[in-house]
Amino acid sequence: MSSTERTDLGRALCIITGASRGFGRAIARDMSRLVKPGSVLVLAARSADDLRALQAELAESEAGKAGLVVECVVADLGQVEGPESVVRASRAACSEGIEHIILVNNAASLGDVSRYAKCFTDMTEVDSYLSLNVSSSLCLTAGILQAFPQRPGLQRTVINITSLCALQPFRSWVLYCTGKAAREMMFKVLAEEEPDLRVLNYSPGPLDTAMQTAARSRTADPSIRKSFSDMFSQSQLLTCEASCTKLMKLLLEDTYTSGAHVDVYDL
């Protein structure tokens, strides 16, 4: 942990999942401005068109013109080959002089919130959800840590984008709450096992994204659905950019306890 706030994230290899839109795209934009020249961004998502558009945008930015390399990986992380393809691309993209490996596990899905827990009898459906939202994060993180082992002069940071739902049950959100809780515990265990690794569970708050739109329209539980509708009508949703700014400040300060759950409202 540093005693003074840094002004940049170093010459970094940044791997960001779910990077094509929403919070993942905001992270990619902000990190591109905070890394040193010669850094590499590996952006993973399912949408090739959105990834290419972001890649083109970053190439034209000040960072892009200063030598930032942006690689795109079109992958479904819920499939076995998804995490493997991201690890391969990260290995290939890494260059000499990289001093900071940053992995952002952002990719996630809401799941079916139109039903209650007693309705989920199809194990294939549940397994599919957990493959994307839990298993892929563990396998990708393990793959990246093996690909880039600890060595003198190398900092490694793993960020899990978590949620209040990792801590608090929401009626009719059994898949999402289960996935977030399991994923957060996974990274807490990792922090205990790897003292030289910096691990952060960051909860970005209620963001004005497509997921929030789905929450307002599809949530089965009336009180939960109303709470999301009220946040929207009362302009209480955060922009991805505002929450991401706080995440970047957290990373630059680098004083959080490894493995901790840090909520945007704590900052």
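**Nonpolar cores, helix α1 and cysteines**

In this predicted model, the largest nonpolar core holds 39 residues. Phe23, Ile27, Met31, Leu43, Leu247 and Leu251 touch the most other members of this core. Helix α9, residues 240-253, supplies the largest share, seven residues. Apart from this core lies another, of 29 residues. Val86, Ile101, Leu140 and Ala191 are among the residues of that other core.

Helix α1 spans residues 22-34 and has 13 residues. From first C-alpha to last, α1 reaches 19 Å. This is close to the 18 Å expected at 1.5 Å a residue. The buried residues of α1 include Phe23, Ile27 and Met31, which are also among those touching the most other members of the largest core. Gly24, Ala26, Ala28, Asp30, Ser32 and Leu34 of α1 are buried as well.

Contacts of Phe23 were examined beyond four places away in sequence. Phenylalanine 23 touches Asn106, Ile161, Tyr202, Pro204 and Leu207. Its contacts also include Cys240, Ser243, Cys244 and Leu247. Of these, Leu247 is itself listed with Phe23 among the core residues that touch the most other members.

A search of the whole structure finds zero disulfides. Cysteine 165 has its nearest cysteine sulfur, that of cysteine 177, 4.0 Å away. A disulfide requires sulfur atoms within 2.5 Å, so this pair does not count as one. Cysteine 177 likewise is in no disulfide, and its nearest cysteine sulfur is that of cysteine 165. Cysteine 165 counts as buried because its relative accessibility is 6%, under the 20% cut-off. Cysteine 177, at 11% relative accessibility, also counts as buried.

Technical notes. Residues numbered from 1 in each chain as written. Predicted model: local features only at pLDDT ≥ 70, side-chain atom pairs only at ≥ 80, totals over all residues. Heavy atoms only, no water. Buried < 20%, exposed > 50% of the residue type's maximum accessible area, 1.4 Å probe, protein only. Core = buried A, V, L, I, M, F, W, Y, C linked by side-chain atoms within 4.5 Å. Helix = DSSP H or I, 4+ residues; strand = E, 2+ residues; numbered from the N terminus. Contact = heavy atoms within 4.5 Å. Expected span 1.5 Å × (residues − 1).
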